[in-house]
Amino acid sequence: MKIGITCYPTYGGSGIVATELGLELADRGHEIHFITYANPIRLQDRPDITYHEVEVSNYPLFQYPPYCLALASRMAEVAAEQQLDILHVHYAIPHSVSAMLARGIMGGKLPFVTTLHGTDVTLVGLDRSYFGITKYSIEESDAVTSISNNLKQQTVDMFGVTKPIEVIHNFVNLKHYCPSQQCRTTRKQRLIHLSNFRPVKRVLDCIRILAEVRQHVDADLWMIGDGPDRGAAEHLAHDLNVFPHVRFWGKRNDVPALLREADILLMPSEMESFGLAALEGMASGVVPIGTQVGGVPELIDDGETGFLSNVGDIHGMAQKAVELLTDEPLLDRMRNAARKAAEDRFSSDSIIPQYEALYRSVLNRVS
Ligand code: GMT
């Protein structure tokens, strides 16, 4: 198939899922065209993947340059030039609206699939100014997927959409994300956090958890990523006297290698529709400690493949971390269980065929 993919090409989870999906589909012989405003991170130079940039003209009359319209035009242009079979857009706003327009420009001959990732529904879609258009573009999609059962239910509850929503969980490439073969005793015991440092991720909780853990264990913390709360996290690390034990790496492309160097992944988020970072950690043999929110319980079995706490329960999360770091058989058992869950339920080999089957069913229906 010839598939166009649109996403936010930044460090958010939806962009990462879209990019990894493109890479996996290309591995399976499909021709992939990314249509975005910047080359997505994690996209390697490959002959079977083409990047088509969307340029937004900055005419003085436009106080707000109309990206949604430029994207729609570009989608239709690329679809005609490359004879695309289908478009797959990640994140409803504004991508599904642009896809809807592109389908119109193409005389209805360009079906599109919308994948909902979370904040497009829970935050953006509920902003009154976006509510109607989000609901309409979901209903108008040729197929809709959601990355968790929880997000599907939230979408139905909040928008009252009647369109069927297929749940296709996030996936991980088990060859790229795999446990370290090296003996763990050669390095420090380590917590890791990976996100875009937005307030919803509660990165300050990670610093507080480390401070409490360090009262019992000489562990350090690696913070991977960047975003609005990084400065506050650095200040807090100074205030709690743990700054020398926290390494802020910033945005990195070598996430699999960094994850392999950790024991526990902290994901103290206020909301997560799925929690891709935790899945990447689990595949790498890192035990996740997360919060009981959104779709996270669909990923982490509390006490088996990781631990779940209430949002803001710093003490509870720190206690679990200390328990793991002071009981090697427990840590090993949970590392193995986490990896096995990633293998059994969330491998790209089992999830990607679900997208392929969906594309085929849409194409059969519209042709
Ligand atoms: O929260 C983020 O990191 C960004 C956001 C996005 O849409 O880019 O992530 C959402 O999509 C990810 C990939 O499907 C999910 O793993 C995250 O749980 C989800 N984030 C939230 O729901 C807050």
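**Figure 1. His52 is a buried histidine, with a relative accessible area of 6%.** The model shown here and in every view below is predicted. His52 sits in strand β3, which covers residues 49-53. The side chain of His52 makes a polar contact with the side chain of His33, at 2.8 Å. Beyond four places in sequence, His52 touches His33, Phe34, Ile35 and Thr36. Arg74, Val78 and Gln82 also touch His52.

**Figure 2. Phe34 lies in strand β2.** This strand runs over residues 31-36. Is Phe34 buried or exposed? Its relative accessible area is 0%, so Phe34 counts as buried. Setting aside neighbours within four places in sequence, Phe34 contacts Ile5, Cys7, Ala18, Thr19 and Gly22. Further contacts of Phe34 are Pro40, Leu43, Ile49, Thr50, Tyr51 and His52. The contact with His52 links this view to Figure 1. Phe34 and His90 are 56 residues apart in sequence. In space, their C-alpha atoms are 11 Å apart.

**Figure 3. A cis peptide bond joins Ile93 to Pro94.** Omega for this bond is near -5°. Pro94 is placed in a loop. Which elements does this loop connect? Strand β4 (86-90) is on one side and helix α3 (95-105) on the other. The next view turns to α3.

**Figure 4. Helix α3 crosses helix α5 at roughly 50°.** Helix α5 spans residues 128-140. The two axes come within 9 Å. At that angle α3 is therefore oblique to α5. The crossing of α3 past α5 is left-handed. Which residues of the two helices meet? From α3 they are Ser96, Val97, Met100 and Arg103. From α5 they are Ile133, Tyr136, Ser137 and Glu140.

**Figure 5. Phe197 has a positive phi, near 55°.** Phe197 is a residue other than glycine. The loop that holds Phe197 runs between β8 (189-194) and α7 (203-213). How accessible is Phe197, and is this residue buried or exposed? Phe197 is buried, because its relative accessibility is 0% and the buried class takes values under 20%.

**Figure 6. Arg202 also has a positive phi, near 50°.** Arg202 too is a residue other than glycine. Arg202 lies in the loop between β8 and α7. Its relative accessibility is 25%, so Arg202 counts as partly exposed. The side chain of Arg202 makes a polar contact of 2.7 Å with the side chain of Asp205. Asp205 is one of the buried residues of α7. Leaving out residues up to four places away in sequence, Arg202 touches Pro268, Ser269, Glu270, Val311 and Gly312. Arg202 and Ala233 are 31 residues apart in sequence. Their C-alpha atoms are 9.5 Å apart in space.

**Figure 7. Helix α7 is mostly covered.** How many of its 11 residues are buried? The count is 9. Among them are Val203, Cys206, Ile207, Ile209 and Leu210. Asp205, Ala211, Glu212 and Val213 are buried as well. What do the buried residues of α7 pack against? The strands are β8, β9 (219-224), β10 (246-250) and β11 (264-267). The helices are α8 and α12 (314-325).

**Figure 8. Helices α7 and α8 cross at roughly 20°.** Helix α8 covers residues 230-239. The axes of α7 and α8 come within 9 Å. These two helices are therefore roughly parallel to each other. The crossing of α7 past α8 is right-handed. On the α7 side, the contact is made by Val203, Leu204, Ile207 and Arg208. On the α8 side, Ala232, Ala233, Leu236 and Ala237 take part.

**Figure 9. Cys178 and Cys206 are set out here by accessibility.** Cys178 is at 22% relative accessibility, so Cys178 counts as partly exposed. Cys206 is buried, at 0% relative accessible area. A disulfide is a covalent bond between the sulfur atoms of two cysteines. How many disulfides does the model contain? With sulfur atoms required to lie within 2.5 Å, the count is 0.

Conventions
Residues numbered from 1 in each chain as written. Predicted model: local features only at pLDDT ≥ 70, side-chain atom pairs only at ≥ 80, totals over all residues. Heavy atoms only, no water. Buried < 20%, exposed > 50% of the residue type's maximum accessible area, 1.4 Å probe, protein only. Helix = DSSP H or I, 4+ residues; strand = E, 2+ residues; numbered from the N terminus. Polar contact = N/O pair within 3.5 Å; in protein donor to acceptor, adjacent residues only side chain to side chain. Contact = heavy atoms within 4.5 Å. Axes fitted to C-alpha atoms, helices over the stretch in contact; angles between N-to-C directions. Parallel < 35°, antiparallel > 145°, perpendicular 65-115°, else oblique. Left-handed = near helix turned anticlockwise from the far one by under 90°.
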